[in-house]
Amino acid sequence: MMRHALDVGDRLLVVGFGPVAVRLVDELLPEVAAGRLRVTVVGAEARPGYNRVLVGEYAVGRTDHEALELVDEPAWRGAGVELILGAPVTWVDRSARVAHLAPGSPVEEVGYDALVLAVGARANVPVLRGINPDPAAVAHLPRGVTVLRTPADGDQLRAVVARRGRVVVLGGGVLGLELALAAHEQGCDVTVVHHRPWLLTRSADRAAGAMLEAVLARAGVHVVADAIAREVVLHEGGDFAGLRLADGQLLAGDLLILACGTTPRTGVAAGAGLRVDRGILVNHDLEADTEGRVFAIGDCAEVLCADPTCTVCPPRRGRGPAGLIGPGWQQAQWLAARIRRELDSDPEPMEPLPSIESDVIRLKAHSVEFAAAGEIDGEPWESPCGRSVALWADAAAGSLAKLVLRDDRLVGFIALGLPRTAAELGLRYGDGAEVPADLSVLLRLDGPDAVDPGSPSPTATLCRCAGVPAEDVTAAIEDGCRSVAEIGAATRAGTGCGGCRPVLQQLLDRDGAVAH
């Protein structure tokens, strides 16, 4: 079967309107404005795409609606982009190249020459008495129970925060803890329920998880670990009253946040006869079909070729979609570059999308600093597989640093209560640079006798979400940027998940800037 290549004047249909879809269309706006490409975006929500990563910040009142916006709608429409909002796609007829929309949508169907599925992921709703776990029933959760995915969900938490109410968070992962800490810092009484023996089970070992729980307790957040939730208890009027655990304990509250992870949306792709596993299966060219007409990007896309001889995709087997905004943005930029090359009839093949590891996990909270990445198993008295482990902990101060080294290079780390050390370890982990012979130099970054370990490599990626190297940030500072916000406006660094902002501030401080 002949593979399709986009021609000038073809229609590209983008299904989904999250941050990844926004980045793809942003990259293609010049082609649309020049009349070389017609782009239609279909979004299930009634509003244009927004930064879902910042919904938690909005929910606790730290930012507003304007800060969530990603789309200049008049500019997009003026350039020629067709936007169809409030219109879920129900199924795709690949033979006719038509997407069918839900009843009540502004139009019934949309044709395409090429299709990009950027449908993201849905929040997991656990099986609990008192609520319906059907994913389609998320909009019908009882009042006071939310998955906190949209600004409308955030409005529920804003109302509870305004009256300093009681919040119960089910899930002790990164999102759950960020929300718990943010709500507590705004004056709410907060309880976190986690089903595993320690918090951040995927990102922390037992020691770090136990110390993190102690730090949260000192901060005023109550943690119930190794606990099984059984029932959502409602008031007579149907509002949330409390969460009952398997041992009979009832945790009363005004709001229950279900922070139980997400699942990629694969229904439309499966209905169209495309291969799905954890996500929509695509090859390293992001193609979901054999014609090269259908692509998937972002939280819904799982890179894994059907070709067993592929030398690019097999290492990614079993990983599923990254679930992070950075890899999705990189996919959007790569696909836009491919589309531009096809419109130019450039015969040179694209280099495969690189497999960029974006596994630095950072807990974004004002009162607790936690970061981890890579290999975190092992103890200092063990030397598995030629690795060495360095561990330092101060329980009284709530500080811990664990470094896992191989050939004098950092292959994994955990940092708790050490913001500058965490920032430096994140840089060295991402850059693959050697660590200092005296590891205490890294620890002393957070002490009164701080020792500067030197500037990062110019090519080190500081912002993994936007793929911004250190040299771009340094150039922005030299050109007059004096705050993290100004760096973001100039380079896009710090505009995704926000995890790199401490590193950006560290570079500003080195340059003598003080504004945050």
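This is a short walk through one chain, from its overall make-up to a sheet, a helix pair and a few single residues.

Please keep in mind that the model is predicted. Let me start with the whole chain. The chain has 516 residues, and 52% of them are buried. Its secondary structure amounts to 14 helices and 27 strands. If we take the contacts with a separation of 6 or more, 60% of them join residues that are 24 or more positions apart. On the outside, about 22,500 Å² is exposed, and carbon and sulfur atoms supply 51% of that area.

Now the sheet. In what order do the strands of the open five-stranded sheet lie? The order is 9-16-10-11-12, and the pairing is parallel. At the edges we find strand 9, residues 145-146, and strand 12, residues 222-224, each of which pairs on one side only.

Let me stay with strands 10 and 11. Strand 10 covers residues 166-170 and strand 11 covers residues 189-193; the two pair in the parallel sense over five bridges. To find your place on screen, look for arginine 166, which stands opposite aspartate 189 in strand 11. Is strand 11 mostly covered or mostly open? Mostly covered: four of its five residues are buried. As a general reminder, side chains in a regular strand alternate between the two faces of the sheet.

A helix also belongs to this part of the picture. Helix 6, residues 174-185, lies across strand 10, strand 11 and strand 16, the last of these being residues 255-258. The angle between helix 6 and strand 11 is about 165°.

Next, a pair of helices further along the chain. Helix 12 spans residues 470-478 and helix 13 spans residues 484-491. They pack at an angle of about 115°, and their axes are 10 Å apart. The crossing of helix 12 over helix 13 is right-handed. Which residues meet there? From helix 12 come Asp472, Val473, Ala476 and Ile477, and from helix 13 come Ile487, Ala490 and Thr491.

A word on cysteines. The structure holds zero disulfides. A disulfide, in general, is a covalent bond between the sulfur atoms of two cysteines. Cysteine 300 is buried, with a relative accessible area of 0%. Cysteine 481 is buried too, at 10%.

Last, two residues with a backbone angle to point out. Most residues other than glycine have a negative phi. Arginine 97 has a positive phi, near 55°. You will find arginine 97 in the loop between strand 4, residues 89-93, and strand 5, residues 98-101. Its relative accessible area is 29%, so arginine 97 counts as partly exposed.

The second residue is serine 345, where phi is also positive, near 55°. Serine 345 sits in the loop between helix 9, residues 325-343, and strand 21, residues 361-363. Is serine 345 buried or exposed? Serine 345 is exposed, because its relative accessible area is 59% and the cut-off for exposed is over 50%.

That is the end of the tour.

Terms used
Residues numbered from 1 in each chain as written. Predicted model: local features only at pLDDT ≥ 70, side-chain atom pairs only at ≥ 80, totals over all residues. Heavy atoms only, no water. Pairing = 2+ DSSP bridges. Contact = heavy atoms within 4.5 Å. Axes fitted to C-alpha atoms, helices over the stretch in contact; angles between N-to-C directions. Buried < 20%, exposed > 50% of the residue type's maximum accessible area, 1.4 Å probe, protein only. Areas by Shrake-Rupley, 256 points an atom, 1.4 Å probe, with all protein chains shown as cover. Disulfide = S-S within 2.5 Å. Left-handed = near helix turned anticlockwise from the far one by under 90°.
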